[in-house]
Amino acid sequence: MCACVGPALRFNHAGSYFGTLLPPNVGSLNSSSRTRVACSAKLNTNLDSSTEVMKLGRSDLQVSRLGIGTLQWGDPGSGFGTTFGEAELASAFDEIVAGGINFFDTAEVYGYQNIKSGSSSEQLLGKFLREKNQGGKGLPPVIATKFFTIPWTNFLVGGGFRLGRKSLLAALRESLKRIGKERVDLYQIHFPFPTFSNAALMESLKEAVEEGLTRAVGVSNFSKEQMEEADDLLSQYGIPLTSNQVQYSLASQDVEENGLLKACQDRNIQLIAYSPLASGLLTDKALTRTDGKATKIQPLLKLMQSIGREHGDKSVTQVALNYLICKGALPIAGCKNAQQAKAHCEVLKFKLTDDQVASLQEKARTLKL
């Protein structure tokens, strides 16, 4: 899961640890053109006939249409250790895999404050995997983690100063130790950063594949142009770029306007959507909020509520996630407890109609969110 910081930079929540230290326009997802790109409401063409499973981009990975983001796991700032803990997460994990979700996204910096105590996001996920040793509905779990490109990341997670290609391999090996696996399924560049050229990063990912440390590779917070360059660079090694993880929700549709979503579809690169609920703005709780953002979005929330009723009283949250699935994205939702896990699994059991997808998109654009 992801959030944003920096004057012109939005990247996975880990970025908030360094926000003011980042130069402007690093990894910016904005485009010189704000021309809207027409996007199909059809489901991802990689979907299995069961409609619950899809192929992840051009990789061989089989994943559920909805994933779980583990940003909050181990993070004191998100309430870990106060409002929820390992027991609640373990129960959530049980419900998640029982309900058919097998894709889990983490990062080396998620919950970094608890690395020494063994309770960072990667460590908790690895522990649950070892204890349960199962995937959703017979599917093996698919684990994705990320490389934090800022050179001084060692102050958070240990290790040396990050310069050069070998630092990525060293960081990946440390992630594997924390997860307790010999190989991760998807290794992603957390965001572009000036000290690492795209060419150097892609060569490092190539080496990670060759050394058997990851099955597939992806990027995060890459613009359309950065993603296309990365894909072209990897193609020289015969390795596909599997995914690009970016912010995307009904309240944040930049990827549709700047052509990134269409580029992903054209190149068969899976768009993984972080912050799919717009940090709580696209939830039932927001229906009763009176702050500025929530007030502005009320017409959209009420439409979502109405559409949810047409599908057996599905919640605003469930409609928000299903919308992204229908747009071809793989949303990754946060999850702290079994109740949230059960609700997320219900998202796999219905599908919005094309007309409903179109009406939600138009309402969001009318509101200029």
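Two strands pair if DSSP finds at least two bridges between them. Helices (H or I, at least four residues) and strands (E, at least two) are DSSP runs, numbered from the N terminus.

The structure is a predicted model, in which local features need pLDDT of at least 70 and side-chain atom pairs count only at pLDDT 80 or more, while totals for chains, interfaces and linings use all residues. Residues are numbered from 1 along each chain as its sequence is written, and side-chain values use heavy atoms, with hydrogens and water left out.

**The whole chain**

Begin with the complete chain, which holds 12 helices and 10 strands. Of its 369 residues, 61% are buried; buried means under 20% relative accessible area, exposed means over 50%, and partly exposed lies in between (1.4 Å probe, protein chains only). Contact means heavy atoms within 4.5 Å. Among contacts between residues at least 6 apart in sequence, 77% join residues at least 24 apart.

**Strand β7 and its partners**

Select residues 214–220, which form strand β7. How many of its seven residues are buried? Six of them are, and the strand is thus described as mostly covered.

Add strand β6, residues 184–189, to the selection: β6 and β7 run parallel and are joined by five bridges. One position to display is Gln-188, whose bridge partner in β7 is Gly-218. Follow the chain from β6 through helix α5 (residues 198–210) to β7; this β-α-β crossover is right-handed. A crossover is right-handed if, with the strands pointing away from the viewer, the path from the first strand over the helix to the second runs clockwise.

Next, select strand β8, residues 241–247, which pairs with β7 in the parallel sense over four bridges. Here Val-217 stands opposite Leu-241 of β8. The route from β7 to β8 includes helix α6 (residues 224–235), and the three elements make a right-handed β-α-β unit.

**Pro-151**

Move to Pro-151, in the loop between β5 (142–147) and α3 (154–157). Is Pro-151 buried or exposed? Pro-151 is buried, with a relative accessible area of 2%. Leaving aside residues up to four places away in sequence, Pro-151 touches Phe-161, Arg-162, Phe-193 and Thr-195. Draw a distance from Pro-151 to Thr-195: their C-alpha atoms are 7.6 Å apart, although 44 residues separate the two along the chain.

**Helices α9 and α10**

Two packed helices are described by the angle between their axes and the distance between the axes. Select α9 (residues 292–309) and α10 (residues 316–326), which pack at an angle of about 90 degrees with their axes 8 Å apart. Axes are lines fitted to C-alpha atoms, for helices over the stretch in contact, and angles run from 0 to 180 degrees between N-to-C directions. The two helices are therefore roughly perpendicular to each other, a term for angles of 65 to 115 degrees.

Which residues of α9 and α10 meet? Leu-301, Met-304, Gln-305 and Gly-308 in α9 face Val-316, Val-319 and Ala-320 in α10 across the contact.

**Two loops with positive phi**

Select Ser-275, in the loop between β9 (270–274) and α9. Its phi is near 50 degrees, a positive value in a residue other than glycine. Ser-275 is buried, with a relative accessible area of 4%.

Finish at Asp-313, in the loop between α9 and α10. Asp-313 is not a glycine, yet has a positive phi of about 60 degrees. Asp-313 is exposed, with a relative accessible area of 63%.

Conventions: Angles under 35 degrees count as roughly parallel, over 145 as roughly antiparallel, 65 to 115 as roughly perpendicular and the rest as oblique.
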